[in-house]
Amino acid sequence: MVRRATDEKTAVKRARRPEVRLPPLVPYGGGELEPDGDYDGLEFREADFAGQDGAGARFMDCALTGCALDETRLRHARVMDSVLTGIRGVGTDLAEVTLRDVELVDARLGGVQLHGAVMERVLIRGGKIDYLNLRKGRLRDVVFEGCVLVEPDFGGAQLERVEFVDCALKRVDFSAATLTDVDLRGAAEVDIARGVDRLAGAVISPAQLLDLAPVLAAEMGVRVVAEG
């Protein structure tokens, strides 16, 4: 009985992955994105949306493949039951966007603004994202798999049932973040720049504990000095 109670206490709730089943799609007819536009059941292939404004737009049952999103404004957009593959861009504005049941595959993004975003049942697989800004975002059932995140900022964010699998976290910032059932054990690299004190609610492996020991000691004000 004691062992069972201990197992239940240490068990990590797994993230629920999206199950996207796209219907037959209609090719996008071209033209610029429109603010508050409504895009349903469309296939966007190799479209160049650089500098365009689609703030508040809704994407439902869509596939975006190889699209360019440099400086694209999609603030407050809603993306649901959709697959985004090979998208690329620098400075994409996705602040306060809603992503629900979304797969983001092999993205190449830099300086993407996702602060205040709501993400639920999202899989981010492969690719590389530099300077990801997720400050004050709300992430539930999100999986980062096989991707590289350079200086991701989760400051003040709420993470619940979030998994990092075979991915690299370089200079991550967890300042003021709240973590619940966040599983870091499968990450290939965990390099925490700030917010190591916010790891309560996360699970790490014994090897990761050894790697993080210097950061944890510094946070506690412990000096590690060899004898002699």
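Biologist: Which residues touch the most other members of the largest nonpolar core?

Modeller: In soluble globular proteins, nonpolar side chains tend to be buried together. In this predicted model, the largest nonpolar core has 58 residues, and the members that touch the most others are Phe 44, Phe 144, Phe 154 and Phe 164. Among the elements, strand S8, which covers residues 98–110, gives the most to this core, with five residues.

Biologist: With what is Phe 144 in contact, leaving aside its neighbours within four places in sequence?

Modeller: Once those neighbours within four places are left aside, the contacts of Phe 144 are Ile 124, Leu 139, Leu 149, Phe 154, Val 162, Glu 163, Phe 164, Val 165 and Cys 167. Two of these, Phe 154 and Phe 164, are also named with Phe 144 among the core residues that touch the most other members.

Biologist: How many cavities of 30 Å³ or more does the structure hold, and which residues are the closest to the centre of the largest cavity?

Modeller: There is one cavity of 30 Å³ or more, and the space in the largest cavity comes to about 270 Å³. Its lining is made of 21 residues, of which Leu 84, Ile 87, Leu 94, Leu 99 and Leu 104 are the closest to the centre.

Biologist: Which strands supply at least two residues of that lining, and how is the lining divided by class?

Modeller: Strand S6 (78–85), S8 and strand S9 (118–130) each supply at least two residues of the lining. By class, 20 of the lining residues are nonpolar and one is polar, while no charged residues take part. Strand S8 therefore appears twice in this account, as a supplier of lining residues and as the strand that gives the most to the largest nonpolar core, a core being a set of buried residues.

Biologist: How is a pair of aromatic rings described, and how many such pairs does the structure hold?

Modeller: A pair of aromatic rings is described by the distance of the centres and the angle of the planes. The structure holds eleven aromatic pairs. One of them joins Tyr 39 and Phe 59, which are stacked at 5.0 Å centre to centre with 20° between the planes. This pair links distant parts of the chain, with Tyr 39 in strand S2 (residues 38–40) and Phe 59 in strand S4 (residues 58–60), 20 residues apart. Both Tyr 39 and Phe 59 are buried.

Biologist: What is the geometry of the pair formed by Phe 44 and Phe 49?

Modeller: Phe 44 and Phe 49 are edge-to-face, 5.9 Å centre to centre and with 70° between the planes. Phe 44 counts as buried because its relative accessible area is 1%, and Phe 49 is likewise buried, at 3%. Ring pairs link these two residues with Tyr 28, Tyr 39 and Phe 59 into a cluster.

Definitions and conventions. Residues are numbered from 1 along each chain as its sequence is written. This is a predicted model: local features need pLDDT of at least 70, side-chain atom pairs count only at pLDDT 80 or more; totals for chains, interfaces and linings use all residues. Side-chain values use heavy atoms; hydrogens and water are left out. A nonpolar core is a set of buried Ala, Val, Leu, Ile, Met, Phe, Trp, Tyr and Cys residues joined through side-chain atoms within 4.5 Å. Buried means under 20% relative accessible area, exposed over 50%, partly exposed in between (1.4 Å probe, protein chains only). Helices (H or I, at least four residues) and strands (E, at least two) are DSSP runs, numbered from the N terminus. Contact means heavy atoms within 4.5 Å. On a 1 Å grid over the protein atoms alone, a cavity is a set of points where a 1.4 Å probe fits but cannot get out, and a pocket is an open set with protein on both sides within 12 Å along at least five of seven lines; lining residues have an atom within 4 Å of a point. Grid points are joined across faces, edges and corners, and a volume is the space filled by probe spheres set on the points. Ala, Val, Leu, Ile, Met, Phe, Trp, Tyr, Cys and Pro count as nonpolar, Asp, Glu, Lys and Arg as charged, and the others, Gly among them, as polar. Rings of Phe, Tyr and Trp (its six-membered ring) pair if their centres lie within 6.5 Å; planes under 30 degrees apart count as stacked, over 60 as edge-to-face and the rest as tilted.
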